[in-house]
Amino acid sequence: MPYLANHFLRGVGTYCIDQTAMTADCQDKIVLFGDSLTQMSWDPEYGGIGARLANLYARKLDVLNRGFSGYNTDWALPVWEQIITKRGEVQPHTPRVRLLTIWFGANDACLPGFTQHVPLSRFSENLATMVRAIRAPESQWYSPETRVLLITPPPIHVPSMGVDMQPTRTFDVTKAYAQEVKKVGEAENVPVVDIWTGIWEAAGKSKEAVKGFLTDGLHLGKAGYEVVFAALEEAISQHYPEIYHENLQSIFPLWEYFHSHTLEEFKAGNWLDGRGRIEQ
């Protein structure tokens, strides 16, 4: 397909076995795709978005961690080829991705000359490629039921970084990459969770105060993930209310069901045949 032919590595033909393959496919999915900010968002010490979303969507949607520490969007594209289900492989009861978050930029924003650097124009193209892969009808990855959210990188605090890391990034360059995410969102008509602005305003627009939302000048701490989670939940409610956790029913009935139904009735019910699924 035209969007991906010039981006993905050749010879990648093996697909990862999904976590849900170990159990019956009874719930659709939320997939969080990104770099270390996503990977670390399951860390209980920091109260990240992953575990909190999984709690909100318990018995409604499975939340999968697809965060890859250190990755930029160049390296993420061939990963994408393996972790996103192709349209022709979808079976009637295969879990579908109902929400996909794409959160990159923190590593792409490394300065030229450093390994993780991706030029701003190519960063923008890479994000657009991911979005179009999901939305273009001719794409192998076309998934009209998947809602997409882009997330900007947060502000950084260079003085808090390790000595070896300080030369790799600047506050203003990272800001430019955050702004580029918003431009891609506008161009592709995709909602953007603007973490840069959220943390910047929470820090009183003080470069020094930003460090209170980070652990090492780059990665988010508890206060930082609190801002991300609130903004993400608001974005889902505002842009995709049909999959907001309060608007979804559990796949299997609540225990009160058994007040008025027998075990035989429960066992006879085809609970995985569309129940709790979201209408397109």
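Arg59 sits in the loop between α2 (49-56) and β2, where helices (H or I, at least four residues) and strands (E, at least two) are DSSP runs numbered from the N terminus. This residue has a positive phi of about 70 degrees although it is not a glycine. Most residues other than glycine have a negative phi. With a relative accessible area of 39%, Arg59 is partly exposed; the classes used here are buried (under 20% relative accessible area), exposed (over 50%) and partly exposed in between, with a 1.4 Å probe and protein chains only.

A few words on the model help with reading what follows. The model is predicted, so local features need pLDDT of at least 70 and side-chain atom pairs count only at pLDDT 80 or more, while totals for chains, interfaces and linings use all residues. Residues are numbered from 1 along each chain as its sequence is written, and side-chain values use heavy atoms, with hydrogens and water left out.

The protein chain contains 8 helices and 5 strands, which follow one another from the N terminus as β-α-α-β-α-β-α-β-α-β-α-α-α. Of its 280 residues, 49% count as buried. The accessible surface comes to about 13,300 Å², and 52% of this belongs to carbon and sulfur atoms; areas come from the Shrake-Rupley method with a 1.4 Å probe, and for residues only the protein chains shown count as cover. Among contacts (heavy atoms within 4.5 Å) between residues at least 6 apart in sequence, 79% join residues at least 24 apart.

The strands form an open sheet of 5 with parallel pairing, in the order β2-β1-β3-β4-β5; two strands pair if DSSP finds at least two bridges between them. At the edges are β2 (61-67) and β5 (192-193), each of which pairs on one side only. Although β2 is an edge strand, 5 of its 7 residues are buried, so β2 is largely enclosed by the rest of the structure. Its parallel partner β1 is joined to it by 7 bridges, and Gly67 in β2 is the bridge partner of Gly34. Further along the sheet, 5 bridges link the parallel strands β3 (residues 97-103) and β4 (residues 147-151), with Leu100 opposite Val148 in β4.

Helix α4 (residues 120-135) packs on this sheet, touching β1, β3 and β4, and its direction makes about 175 degrees with that of β3. Helix α3 (residues 73-83) lies across β1 (28-34), β2 and β3, at about 165 degrees to β1. For these angles, axes are lines fitted to C-alpha atoms, for helices over the stretch in contact, and values run from 0 to 180 degrees between N-to-C directions.

Towards the C terminus, Lys205 lies in the loop between α6 (195-202) and α7. Lys205 also has a positive phi, of about 55 degrees, although it is not a glycine, and at 54% relative accessibility it counts as exposed. Ala223 belongs to helix α7 and is partly exposed, at 34% relative accessible area. Beyond its neighbours within four places in sequence, Ala223 is in contact with Gly212 and Phe213. Its C-alpha atom is separated by 9.1 Å from that of Ile199, 24 residues away along the chain.

Phe258, in the loop between α7 (222-239) and α8 (263-268), is partly exposed at 39% relative accessibility. Together, Trp255, Phe258 and Leu263 make a nonpolar surface patch of about 350 Å². Patches are made of residues with over 30% relative accessible area and no salt bridge, with like charges joined within 9 Å and nonpolar side chains (Val, Leu, Ile, Met, Phe, Trp, Tyr) within 5 Å; a salt bridge is a side-chain nitrogen of Lys or Arg within 4 Å of a carboxyl oxygen of Asp or Glu.
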